[in-house]
Amino acid sequence: MKFKYDVIVIGGGHAGCEAACASANMGAKTCLVTMDMNKIAQMSCNPAVGGIAKGQIVREIDALGGQMGLVTDATSIQFRMLNVGKGPAVWSPRAQCDRGKFIWEWRRHLDATPNLDVWQDQADELLVENGEAIGIRTIWGAELYAKCVVLTAGTFLNGLMHIGRKMVAGGRIAEPAVPHLTESITRHGVTTARMKTGTPVRIDKRSVHFEDMEIQPGESRTYQFSYMNKGGALQQLPCWTVNTNAEVHEILRSGLADSPLYNGQIQSIGPRYCPSIETKLVTFPERDKHPLFLEPEGEDTNEMYLNGFSSSLPMDVQIAALKKIPALRDLKVYRPGYAIEYDFFDPTQLRHTLESKIIKNLFMAGQVNGTTGYEEAGGQGTMAGINAALKAGATDGARSNDTDTDSAGFILHRDEAYIGVLIDDLVTKGVDEPYRMFTSRAEYRILLRQDDADARLTEKAYELGLASRERYDWWLEKKQHIEEIETFCQNFAIKPRLINSALEALGTTPLQFGCKLVDLVNRPQLNLQNLSEIIPQLKEVLNRPENRQEEIAEAAEIRMKYKGYIDRERIVADKMHRLENIKIKGHFKYDELQGLSTECRQKLEKIQPETLAQASRIPGVSPSDINVLLVLLGR
């Protein structure tokens, strides 16, 4: 059987689902090929979305018209805002989700997406003709042809699972590996390597002594990832914390000889920032305890996830060690933790659109690019889906030519989104371990706050034809209310004699002269909430029905308090844009430029950067090398 589409997406994980929805919503006739329709967007590891920098990516996906924020809000069982003790540039939303309901909510979104078909099958071969991807052949012999193909195969490519010395082929526990697809790609010159990740033991909560653990409740305030949502409908549940101890460590160390990580069985590199429990013991031998977090998998299940105990040790060692924790003395488990090795492709072989430089019309997103995390996958999937649809000619939905969608496709820069930072890091620097996003990776993080993703991206997405009119109208409404609060604070006059005693009570210096309300908002001891208690006119503005959402007041306050920092960072970002505008691809034969260092010539020759700014971010390219290129460009 043969089928024809504009875009085929291989893999129904977080990258694949976002890619399929983005492509279809832009008008491309799209087919999502997945091995199991009942495990769409499966949360293979932690049943949570968001976290430090990851939460910002989810907000960006939502602002672009993606689905992850909406699905998370509908299935959240605990929400927390991380880093609130620091500046708002690093505030990061995180939600614990009901794993089963998350899948079916995603199914509901896919089923409601026009132009999107789902085909349950396994891709076996990428079909390539004259250096261009033209479709796929499945294990059942179906041939699906398309103008563009998006590969989002996660950990399934030649996946190999490890528990102790036991090895089983698979892409996830109880799911088969994909054995031939990698080879059908590498035969065309694309290079591949191996990575490793892992997941912890799953615990039956009926066997846990919660009285011996510390409860970790969620936020009392109602948060959401998508401004279009009005709060979750599921029961809010707590998480729990406990520590390992010396007895636990002793048993774990006794099993290291059978650990695939240390007996030579696993050669590939695992995630630095989510190490296994055995890696923690070896790396930090002086530590006599490590924190663990017991998290519910859903509101209707006894299954719990033991965060912090990722392991591939033999199952008897894992269980025996955990039983030495008092709260887990009667432990029962559903399955032990395991490690998995899988193929990925060097992301420096990709353009910023996530299209392969080697096989035209082939896009890649998610763990096949060497990343880790649902959020990083979803962000890449969104961009790959957008660019695949554009390359396939699905531009009917575009409403403006102002969006950055030239022949290079739709690209987000480093000062526009964490998604832009993520993709630029991947294609410019490559990876030598599973890539995880952090706020520290973004040099313009004051511009990339979680509260302003709408302001940065929704108009772009609407002009592109991806964000719906409803999504755009929500943003215009929110923008209007934020500006209303800002305008009021900038114009409202404060008289010292009427407010000084209240200011002293709030721990801040009284006024000697009159000022505008915005000057008080800028003081560190003051905020819109406590000022509204002493200024009735402000309280009236904040309590208007359209302004009552805390997110609106919070965004207005951040914009006022940090205006100086925001403006200064924007100036720096604009200077860097000058280098972004200097195109260098095709201008040089780098191996002939003797004025450059040997390392610089090798890196530039391999990566072939599009712009001078991208070249400046390549490891091994020094500022003096950039100056040489500038001089040569001048000639």
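In this predicted model, Gln450 has a relative accessibility of 2% and therefore counts as buried, the cut-off for that class being under 20%. The residue lies in a loop, with helix H10 (418-429) on one side in sequence and helix H11 (453-464) on the other. What does the side chain of Gln450 join in a polar contact? The partner is the side chain of Arg59, at 2.3 Å. Arg59 also appears among the residues that Gln450 touches once those up to four places away in sequence are set aside. The rest of that list consists of Gln56, Met81, Trp91, Pro93 and Glu554.

Helix packing comes next, beginning with H6 and H8. A pair of packed helices is described by two quantities, the angle between the axes and the distance between them. For helix H6 (residues 246-254) and helix H8 (residues 315-322), the axes come within 8 Å and the crossing angle is roughly 170°. Angles over 145 degrees count as roughly antiparallel, and H6 and H8 are therefore roughly antiparallel to each other. On the H6 side, the contact is made by Val248, Ile251 and Leu252, while H8 supplies Val317, Ala320 and Ala321. By class, the contact of H6 with H8 comprises 6 nonpolar residues, with no polar and no charged ones.

The second pair joins helix H1 (residues 14-25) and helix H4 (residues 99-111), whose axes come within 11 Å and cross at roughly 20°. Because angles under 35 degrees count as roughly parallel, H1 is roughly parallel to H4. The crossing of H1 past H4 is left-handed. Which residues make this contact? From H1 come His14, Cys17, Glu18 and Cys21, and from H4 come Phe102, Trp106 and Leu110. Sorted by class, the contact of H1 with H4 holds 5 nonpolar residues, 1 polar and 1 charged. The charged residue is Glu18, and the polar one is His14.

Helix H13 (residues 496-505) offers a further view of buried side chains. Its buried residues are Pro496, Ile499, Asn500, Ala502 and Leu503. Against which elements do the buried residues of H13 pack? They pack against strand S22 (493-494) and helix H14 (517-521). Just after H13, the backbone at Gly507 takes a positive phi of about 85°.

Note on methods:
Residues numbered from 1 in each chain as written. Predicted model: local features only at pLDDT ≥ 70, side-chain atom pairs only at ≥ 80, totals over all residues. Heavy atoms only, no water. Helix = DSSP H or I, 4+ residues; strand = E, 2+ residues; numbered from the N terminus. Buried < 20%, exposed > 50% of the residue type's maximum accessible area, 1.4 Å probe, protein only. Polar contact = N/O pair within 3.5 Å; in protein donor to acceptor, adjacent residues only side chain to side chain. Contact = heavy atoms within 4.5 Å. Axes fitted to C-alpha atoms, helices over the stretch in contact; angles between N-to-C directions. Parallel < 35°, antiparallel > 145°, perpendicular 65-115°, else oblique. Left-handed = near helix turned anticlockwise from the far one by under 90°.
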